[in-house]
Amino acid sequence: DFAPAFNGEQLVFATARDSGNLTRYIHEWNNKPFLNLYSASPVSNDYGNIQKLDKNTNKKTHESSAVFTKDGSTVYFTRNNSQNGNFSRDEKGVSRLKIYRATVSNGNWSNITELPFNSDDYSVAHPTLNADESKLYFASDMPGTIGLADIFEVNLNKDGSFGTPVNLGNKINTEARETFPSVTTENVLYFSSDGHPGLG
């Protein structure tokens, strides 16, 4: 269970828990179900009523790392490159990661589209929004990446279009992997790294 995000009072997270998936949805790499997005509702001082998000959001591929706009109308999330709900692979046999955007309609997620800077040749993943929702941050190994994966930012235009992704540079990014960005309401950026010095 990882990549928690809030949609109003609901806690949304990615998990490989078994929810009755058929055997064909078991990942050969770890013999566990594919990742899906689930929600949990606040109950007293805890969370309960855990439910899988609708079938428009969760397909046969992995879904994870969601972020919601404050008004709850839009979600950005990570999914494997796919066609008709099935894995699509590149020449190396890798199913790259992509970020998708969906909007809510009658309580269900619809209009699911991939972002224009996705590619079949590299991964784009782990979206997060800044405080005023004018920028989207994400991790990618797209051309121009310093290391194995870098943190990028892209402007979100008021008409719903996107600017050009910008690498955050070598103060943030190293020759290794920087992933899972998260931005606080004070616009402080947190992220994971196996390139900056640490204990692990």
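**Pockets**

I began with the largest pocket, and I noted a volume of about 580 Å³ for it. This is a predicted model, so I keep in mind that the linings are counted over all residues. I looked up who sits around the middle: of the 26 lining residues, A5, F6, V67, T128 and S182 are the closest to the centre. Next I asked myself which elements give two or more residues to this lining. I found β1 (2–7), β7 (63–68), β13 and β17 (178–183). β1 gives the largest share, with 5 residues. Sorting the lining by class, I wrote down 14 nonpolar, 10 polar and 2 charged residues.

I then moved to the second largest pocket, which has a volume of about 390 Å³. Its lining has 18 residues, and T78, L97, A125, H126 and F180 lie nearest its centre. At least two lining residues come from each of β7, β13, β14 and β17. The classes here are 8 nonpolar, 7 polar and 3 charged. I marked β7, β13 and β17 in my notes, since these strands appear for the largest pocket and again for the second largest one.

**The chain as a whole**

How many helices and strands does the protein chain have? I found 0 helices and 18 strands. Of the 200 residues in the chain, 46% are buried. I also checked how contacts span the sequence: among those with a separation of 6 or more, 41% join residues 24 or more positions apart.

**One open sheet**

I followed one set of 4 strands, which form an open sheet in the order β13-β14-β15-β16 with antiparallel pairing. β13 and β16 (166–167) stand at the edges with a single partner strand each, so one side of each has no neighbour in the sheet. At the β16 end, I saw that β15 and β16 pair in the antiparallel sense over 2 bridges. F152 is the residue that stands opposite N167 in β16.

**Nonpolar cores**

My next look was at the largest nonpolar core, which has 15 residues. Which residues have the most contacts inside this core? They are Y76, L115, F117, V124, L136, F138 and F162. Three strands of the open sheet turn up here: β13 (124–129), β14 (135–140) and β15 (150–155) each supply at least two residues of the core. I picked L115 for a closer look, and leaving out residues up to four places away in sequence, L115 touches Y76, I99, R101, L136 and F162. Another core lies apart from the largest one and has 12 residues, including L37, F68, V75 and Y100.

**A stop at D54**

My last entry is about D54, which I located in the loop between β6 (46–52) and β7. Is D54 buried or exposed? Its relative accessible area is 18%, and the cut-off for buried is under 20%, so D54 counts as buried. I looked for its contacts beyond four places in sequence and found N108 and W109. I also compared D54 with L37, a member of the 12-residue core. D54 and L37 are 17 residues apart in sequence, with 8.9 Å between their C-alpha atoms.

Terms used
Residues numbered from 1 in each chain as written. Predicted model: local features only at pLDDT ≥ 70, side-chain atom pairs only at ≥ 80, totals over all residues. Heavy atoms only, no water. Core = buried A, V, L, I, M, F, W, Y, C linked by side-chain atoms within 4.5 Å. Buried < 20%, exposed > 50% of the residue type's maximum accessible area, 1.4 Å probe, protein only. Contact = heavy atoms within 4.5 Å. Pairing = 2+ DSSP bridges. 1 Å grid on protein atoms, 1.4 Å probe; cavity = no way out; pocket = protein on both sides within 12 Å on 5 of 7 lines; lining within 4 Å. Points joined across faces, edges and corners; volume = space filled by probe spheres on them. Nonpolar A, V, L, I, M, F, W, Y, C, P; charged D, E, K, R; others polar.
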